[in-house]
Each structure stands twice: as C-alpha cells, then as structure tokens.
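The following briefing concerns the structure shown below. Please read the points alongside the sequence and the coordinates.

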Amino acid sequence: MWGDYGTAGLVIGSKGPMSCPGVFDPRRRNGPDGPPPGRYMVSILTPVLPANASYLPEAFASLLPERQTPWRWEIQVDGEATSAVPESIRKHPQVRVEANGTWLGPAITRNRALARVETEYVVTLDADDLAEPGGLTALVSALETNGEAEFAWGEVVDFFPDGHSELPEWRSPYPLGLIERGTIENHWMGTGSDGMFFTAMCWRTQTLFELGGWSALAGMEDTALVLAASHRFHGYHIPETVRRYRVHPHQATLSPTYAADRSLTRLWIWRSCNARRQRDGLPPYVLPPDPLAARESARASLLKKEQ
C-alpha cells in the first residue's frame, strides 16, 4: 500500500573510485564519536499521489516522536507539482519534497526519491500508513548490530477508519532473527506468498542500488525487489510492531486495475526468479498459486463491515 498507493564511479586512467561530490558514498562511515554533525542516518521514502496527500499530516505526526535516530523524510509526489503536500510539511527542515512532473507509478516514484538519498539506510513508509513509536530505531538497530543482513523488517497492525487497530489475519511465517538468503524466495515459490510486510522495511542504501531499486512494475514492485534481495542476501526479522497499515476504500491493492494486472505481474516475477536460478545452475521453479487474492478480498470484506 504505497499511499495507496553507483554513487561512486571510475575515471579512465585513475587508480581507484572517485566519489561524486554531494552524493552518498557507501565507504563513508561514522567516526568514533558517532555520525558527523548534521548528518542524517536514515532516509524515509514516501511516494504519494496528489489525491492521497491528505494522509501526510498524520504520517508526519507519527514520525516526529522519533528522535533517537536522525532521519530525513523524502516525499516524492507522483504528479505534476509539490503543492498537494501541506506547506507546513514542505518547509520542515527534516523534509525534502519533489515531484515527478507527471504520473509515473509507485516503483519509478520511489526510485526517483532514492536517487537523492545521502544516508546509509532507507526505510519505506507509505503515505497513508503510520509509524509506530520506536519502530524506526528498531529497524535501523537491527542492521547496525547484524552486519551480515542487508535488509530488515518488522510487524504491522491493521488500522481501520474508525480508529481501532488489530492484528492482521495472517502472520509472517519466518522466525525472528537472521533469515538466510534464499529463504523468502523459496517460500514465495512454494506458496505464492512472500509472508512479509513491505511497508515495514529497512534497507542498506548501497544494497538497494546494487539491486537496481524497485522493479518498474504496475504493482508488486516490493515483492520483486525482496525476492531479488533474498536470492543474494540475508535479511533480519524483528519482533517490534513498526507500522499501522491503514485499511481504506482507496487502497491500490483493492482496485480493479491492480487485480487485473496481478497475474501478468506475477508471471514477470516468476520468470525473473528463474533467470537468476538458471544463471546459478539451479533447477527452475514452478509458477506458484496466488493466495493473496483471497487475503485482499478478506480485507475488503472487513472494510465493508466498518462502513
């Protein structure tokens, strides 16, 4: 639900990489006294359609209590101008707002925000979701203390229009702690479900660039990215609840267009996974079933009851 919706190069003749001025350098690390003054530690990426910008004040209010981990909010408007974002948010010193200039879809919108990131970590936050207190610090700490993991995720609760929250009907099938490479990919190929909450993820910035960012798909771009990451890298699952996932009638995952595109998108992801396996000399997967269609139908039914 996205609002329901290299950084260093080689110069010929040089003996090593040359850092581009003003661009994130993954080799730059904290000194013995912590981050350099004024440096943010994590960027929060939020793509937003102009029609969903009304959710941003609530999202912003949920971020403000996060003071332990220095953060910057990168809002990318999937539309012509930034004017849909409230002025009080646009002018805040911890917020940077840019617009695509036209509609490009959630994946490209995220990647355009990612191009500006200057921090070591990236956390995703959809425009209509809310951050839970301490969740940002918990996600970043998981990667800070577990160097072998390249991405981390936590738990979510469903947030309904009447203001109440409850645990989602399905729970993540993975144990807490380090998740070995290939585990998530194998689970998706066996069940058709990734078993993760994409709105509650933290990434090492350099890893996102290595993977090419979010796949340019009409939907399920998070699934494609995570499966590509799982093929190469370990992940980390934390027990903390880090997001309130807003359930509402305008969710992209409940739209007829999303449902119509889903089968073709899943086919693309399946072929992408098998291409990686073929390169590594592994046997191909069979296209898995699609149990998530039933899950979205159940969420839609719950929403009708709320109304």
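**Cysteines and overall picture**

Cys-202 counts as buried because its relative accessibility is 0%, where buried means under 20% relative accessible area, exposed over 50% and partly exposed in between (1.4 Å probe, protein chains only). Cys-273 likewise has 0% relative accessibility and counts as buried. The whole structure holds zero disulfides, a disulfide being a pair of cysteine sulfur atoms within 2.5 Å.

This is a predicted model, in which local features need pLDDT of at least 70 and side-chain atom pairs count only at pLDDT 80 or more, while totals for chains, interfaces and linings use all residues. Residues are numbered from 1 along each chain as its sequence is written, and side-chain values use heavy atoms, with hydrogens and water left out.

**Confidence**

- The average pLDDT of the protein is 84, and 78% of the residues score at least 70; pLDDT is the predictor's confidence in each residue, from 0 to 100.
- Residues 1–37 have pLDDT under 50 throughout, and the model gives this stretch 70 contacts beyond four places in sequence; contact means heavy atoms within 4.5 Å.
- Predicted coordinates should not be read in detail where pLDDT is low.

**Fold content and surface**

- The protein contains nine helices and twelve strands; helices (H or I, at least four residues) and strands (E, at least two) are DSSP runs, numbered from the N terminus.
- Of the 307 residues in the protein, 52% are buried.
- The exposed area of the protein is about 13,900 Å², and carbon and sulfur atoms supply 56% of it; accessible areas come from the Shrake-Rupley method with a 1.4 Å probe, and for residues only the protein chains shown count as cover.
- Leu-264, Leu-267 and Leu-287 make a nonpolar surface patch of about 260 Å². Patches are made of residues with over 30% relative accessible area and no salt bridge, with like charges joined within 9 Å and nonpolar side chains (Val, Leu, Ile, Met, Phe, Trp, Tyr) within 5 Å.
- Within this patch, Leu-264 belongs to helix α8 (residues 256–279) and counts as exposed because its relative accessibility is 61%.

**Salt bridges**

- The protein has 13 salt bridges, a salt bridge being a side-chain nitrogen of Lys or Arg within 4 Å of a carboxyl oxygen of Asp or Glu.
- Asp-126 and Arg-110 form a salt bridge through their side chains, at 3.3 Å from N to O. Asp-126 lies in the loop between β6 (121–124) and β7 (130–131) and Arg-110 in helix α3 (residues 106–114), so this pair ties together parts that are 16 residues apart in sequence. Asp-126 and Arg-110 are both buried.
- Arg-110 also forms a salt bridge with Glu-221, at 2.7 Å from N to O. This pair links distant parts of the chain, with Arg-110 in helix α3 and Glu-221 in helix α7 (residues 221–232), 111 residues apart. Glu-221, like Arg-110, is buried.
- A salt bridge also joins Arg-244 and Glu-132, whose closest N and O atoms are 2.7 Å apart. Arg-244 lies in strand β12 (residues 234–246) and Glu-132 in the loop between β7 and α4 (135–144), so the pair ties together parts that are 112 residues apart in sequence. Arg-244 is partly exposed at a relative accessible area of 23%, whereas Glu-132 counts as buried at 17% relative accessibility.
- Arg-110, Asp-126, Glu-221 and Asp-222 are joined into one network by salt bridges that share partners.

**Individual residues**

- Thr-124 is part of strand β6 and counts as buried, with 4% relative accessibility. Apart from neighbours within four places in sequence, Thr-124 has contacts that include Leu-45, Phe-198, Trp-214 and Arg-243.
- Glu-210 lies in helix α6 (residues 205–210) and counts as partly exposed, with 42% relative accessibility. Between Glu-210 and Ala-229 the C-alpha to C-alpha distance is 9.4 Å, and the two are 19 residues apart in sequence. Apart from neighbours within four places in sequence, Glu-210 is in contact with Arg-232 and Phe-233.
- Met-220 sits in the loop between α6 and α7 and counts as buried, with 8% relative accessibility. The phi angle of Met-220 is near 60°, a positive value in a residue other than glycine.
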